[in-house]
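User: I would like to go through this model with you. Could we begin with a helix and then turn to the aromatic rings?

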Amino acid sequence: MLEILLERCRDVSAYTRSRVLQVWAELCEEHSVSIGLWNEVATVASGRLEDKSAIVRKSALNLLIMMLQHNPFGPQLRATSFEATLEQYKKKLTELAPKCTPQNSDEALLDNEVSCGESGVEDEEVEGVSKGQDSLSDSCLPNAGDGQVQGDNSVPDVGNVEQTRTLVASLEAGLRFSKCISETMPALVQLMASSSSGDVENTILLLMRCRQFQIDGSETCLRKMLPLVFSQDKSIYEAVENAFITIYIRKNPVETAKNLLNLAVDSNIGDLAALEFILGALVSKGEITASMLSALWDFFCFNVSGTTAEQSRGALSVLCMAAKSSPTVLSSHLQEIVDIGFGRWAKVEPLLARTACVALQRLCEEDKKKLLSTNGTRVFGILDSLVSGFSLSENIWYAAVDKAIAALYAIHPTPETIAADLVKKSLKSAFESGEGSEMQTDIASGTTVQVTKLSRYLFIVSHVAMNQLVYIESSIRKIQKAKSKKEKMDAEKKNLDANTESDVQKDDGINSELGLAASEDAMLDTLAERAEKEIVSSGSAEKNLIGHCAPFVSKLCRNFSVMQKYPELQASGMLALCRLMIIDADFCESNLQLLFTVVENAVSDTVRSNCTIALGDLAVRFPNLLEPWTENMYARLRDQSVSVRKNAVLVLSHLILNDMMKVKGYINEMCMRLEDADERISNLAKLFFHELSKKGSNPIYNLLPDILGKLSCQNLKGESFCNIMQFLIATIKKDKQMEALVEKLCNRFTGVSDIRQWEYISYCLSQLAFTEKSMRRLMESIKAYEHVLSEDTVMDNFRNIINKGKKFAKPEVKSSIEEFEERINKLHNEKKEQVLTEKNAQAHQEKVDNFESLIATKKDGDESGESEITEDEEEEEEEEEFDNPVEDSEILRSKSRGKKSRARSDGSSEVTELESGDDEEVESSSVHLRDASKYRTKRSRTRSRNVCPDSSVRRTTRSNRR
C-alpha cells in the first residue's frame, strides 16, 4: 500500500498528487513511516517542490515541515555531525566484528527495523539510538571541524554487533535525509520569488524549521527573505516580519543585539536596506525595547568583553537604522559616537568612521544644536581631516568621504562655506607638485598632477555640487513648511471682533484679486531655480568655484587617450561629469553626446555601469533632453558585461514602472533579458514584466503583437523565443484580451511569408487560454491562415489548440471543433500536395534551364571551328564517292530507306531538312551529335518515340560519311 502511495505522488491529476502528499504528512505525524521509506518519501516531496500546480507545492512544503518536526534522527541534523559520528561507529563496528563479512548497512536496517508505530520495543531502541547519536554528534563536531577524530574510548557502547550495525544504518539514513533537505535550498529560494503568496509563506515556514534543525544552507536562504519586506502583499510582509521576530528578536537583549549586529555586518547593500525598513517598523511598534537598544550601545562602546571593532560598527549601524524612525535613540551617546567613531578604533575598522558620519546625519534638531555647542569645532575638524587627509585607504576613502560631506551639510549652519574650503584644499593638493608620485599625466597647459589626487579632487567637487543642490531643495521645503504652518496658525486664532474680522476678510480678498499669494510662490520658485543654476553656470559673467571646474571636467573626459591610460581617473572623471550634468540642464545638453560615446565604447565595466546608472537619474531630472536617446539607453541591455546589463534592467524598470519613460518601441530588448545567461538578470526581467502586468489594463496585452514581430526578426533560438512568449502570454489573464489576441494573431498570418514567422505565430496562438468565443473566432478566421497549414509545425500547434478546445467544449461546440479539425486536416493535405507539386515543377524547370544553358555553351564553343571541319569533310567525301562507286550505291539505297521511315514518322519536316540538306549540314549535325552524345544516352529511354526516327537518319548519315 505504501508503495502505491509513492507511485501516486506522480499521478497525472494535481489533486491526487496533493492529496497523497497530505496522507504522507499524516503518516509522518503518527510515526507510521519506517526509516527505510523515510528518505524515499523525502526525495519525492523535494521533487514536488517544482510541481506546476500550487496546491501540490503547498502539500509538498507541509510534508517536509512535518518530516523535519517528527524525524527519527534527532533534534540536530547537521551533515558534519552525522559524518563524524558515522565514521566513529563504523570503526567500532569493524573492531567488534573483524571476522564477519561486512553487510550493506541499508540491508541491515531493512532487516532489523519495523514501523515506528508497530512495536514499542523498536520505538524505544530507535529513540535511544537517536539520543546517543545526538550527544555524540555534539561532542564530536568541534573535532570534526578541526579534522581530528576522537578515540574509541569516547564512543558509547550500544550493544552487540547487530545493534551497532543497526545504529550505523540509522546514521547513514539520517545523513541522507539531511543532505536531501539541504539540496532543496535552491528550489526554496526560487519559491520565495513565486507569485503565489501561499508558496512564499510556506517556504518561509520550512526554512525556519530547517534553521531550527541546523540544516546546511538554511541560514543563508533565510537572509534572502529580507527583501520580501518590500512586497505589496500584506500576507507576505507579515510572514517575513513574524519570521524575523521569531529568529532574531524573541530572545534576551544581549543575544538579540548580537544577532542584529551580526546580521548588519554580513549583509549586502540590498539586505541592509531591507533590514533598515523592517527595523524601523519594529521600532515604531515597540518590538525593539529599550533594553535591546542598551545592549547595542554596550557592544558599540566595547562594554561587552570580546567585542571586536567590526561588531562595534555593526551595533552602531543597527542604532542608525533605529534612529531613522526614532531620532532620540542617538541622543544619549553623542560623545561616544564622536570619540569611538572617529577615534583609534576607526583605524582598526575604517568603515567605523563612515558609520559615525551616518549617525551624525540621523541626529534630531535638538541633538544637532547640542553637538554644535559642545563639540562643534572638533567634529568639523575631524570631518575636514577625513576628507582632505590620506589616513584612509583608497577603497575606503570614497565611501567615507561620501558620508562625511553629507554629514557636514546636515549639521553645519552654513555648509557652503566649509564646503568651499574643502574644494580649495583639494584643488591645491591635486595641482601642487608631489614627490614620489607613481602616476602622472599632462593636463591642459603641461601641468603635471598625480592621478590619485586629481581623482579625489573630482570626486570632492562633484559631491559638494550634488549636496549643494540637495541643500537648496531642503531649504525650500523648510520655507514652504514654515509658510504653511504660519497660515494654519493664523487660521486657528481666537475669535476676533466683527470689525477686525471684516478687515481681515477685506485684505484677503484684495490679496487674492491681486494674486499676491501666487506671486510669493512664483518668487520662491524663481529663487530656487536661480540658486540651482548658479551651482555650475551662473547667469553673471563671473563663474563660481564649481563653475570653473565644469569645463575642465568636460575637457578631461574628452581626452580619450588619457582616460584609457588611467582607468581610475576615467571613473572619477565620468562620475563627476554625470553629477554636474544632473545639476545643470545646459551643461547636460552640451555633454550628452560625450556621455553616450563613453557608455558605449569605454573599456572599463565600472565606467559603463556608472554611466548607465547616471542615465537613469538624468532621465528623471531632464526627461525631454533624454527622450531622443531612448534607443541608446535600451542598447545597454545588450552590453557584454553582466553588471552593465543588470544595472540597465534596474534603471529601465524604475523609469518604466514609474511612468518616466515610454514603454513602446524597444521593449523587445527587455524581453530578450528573460533568457539572459545570468540568472539574476533573468529574474529581474521577470519581476519587471510581472509588475508591469499589474499596471492599468495590462500594457503587455497591447505590446505583445509588436514584441512578437520584433523577436521574430531577431537572431534568437527557437527555444528561447518560445520561453519568452510563454512567459509574456501567461501574464495576460482577462478572457476579453485573450479573445482579441486570437484575432490579432490570426490577422498577422496574412502579411507574413516567412515560414519561421508562421511557426512563431502559431506557437503563440497555442499558448493562449481558449474559451468558446475565442475558438469561434479562430474558426471564423480560417481564411487568414489557411495558406500556412502546409507546414507540419504549424499544423501541430493548431492540433494543440483543438485538443485544448475539446476539453472544455460543450457537445454542440465540440462537434463544431471536430468539423474544424477535419477541415484543417483536409487543407493541410491539399496544401502539402500543392507545395510538393510546385517544388517538383520548379526542380524540373531548373534542370531544363541548366540543360539549355549547357547546349548553348557547347554550340558557341564549336562555331569557331565549324567551317574548317566542313571543308575537309567535303573533300574527303568527294574522293570517297569517285573511288568507291559500290559504296555510293549502298549509300543511296540507305538514304531511300531512311526517307521512307522518316515519312512514316511524326517528324517529317525535320527529316526533309536532313535529306534535302547538303553535305555541310550533315557533317555539322554529326559533329554536334558527337559532342552531346552523353546527354542523349541518359535521356534515350524517356524520349524513344521522338528520337528513334531521328536516330536512324543520323546513323545513315554517319555510315555515309564512313
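User: Which residues are buried in α22?
Analyst: This is a predicted model, in which local features need pLDDT of at least 70, side-chain atom pairs count only at pLDDT 80 or more, and totals for chains, interfaces and linings use all residues. Residues are numbered from 1 along each chain as its sequence is written, and side-chain values use heavy atoms, with hydrogens and water left out. In α22, the buried residues (under 20% relative accessible area, 1.4 Å probe, protein chains only; exposed is over 50%, partly exposed in between) are P415, I418, A419, L422, V423, S426, S429 and A430.

User: Where do they sit around the axis?
Analyst: They lie on the same side of α22, because they cover an arc of only 145° around the axis, taken from the directions from the helix axis to the C-beta atoms.

User: Now the rings. How many aromatic pairs are there?
Analyst: The count comes to 20 aromatic pairs. Rings of Phe, Tyr and Trp (its six-membered ring) pair if their centres lie within 6.5 Å; planes under 30 degrees apart are stacked, over 60 edge-to-face and the rest tilted. F230 and F277 form a tilted pair, since their ring centres are 5.2 Å apart and their planes are at 50°.

User: Which parts does that pair tie together?
Analyst: F230 lies in the loop between α11 (218-223) and α12 (234-249), and F277 in helix α14 (residues 269-285), so the pair connects parts 47 residues apart in sequence. Helices are DSSP runs (H or I, at least four residues), numbered from the N terminus.

User: Are F244 and Y248 buried or exposed?
Analyst: Both F244 and Y248 are buried.

Note on methods:
Helices (H or I, at least four residues) and strands (E, at least two) are DSSP runs, numbered from the N terminus.
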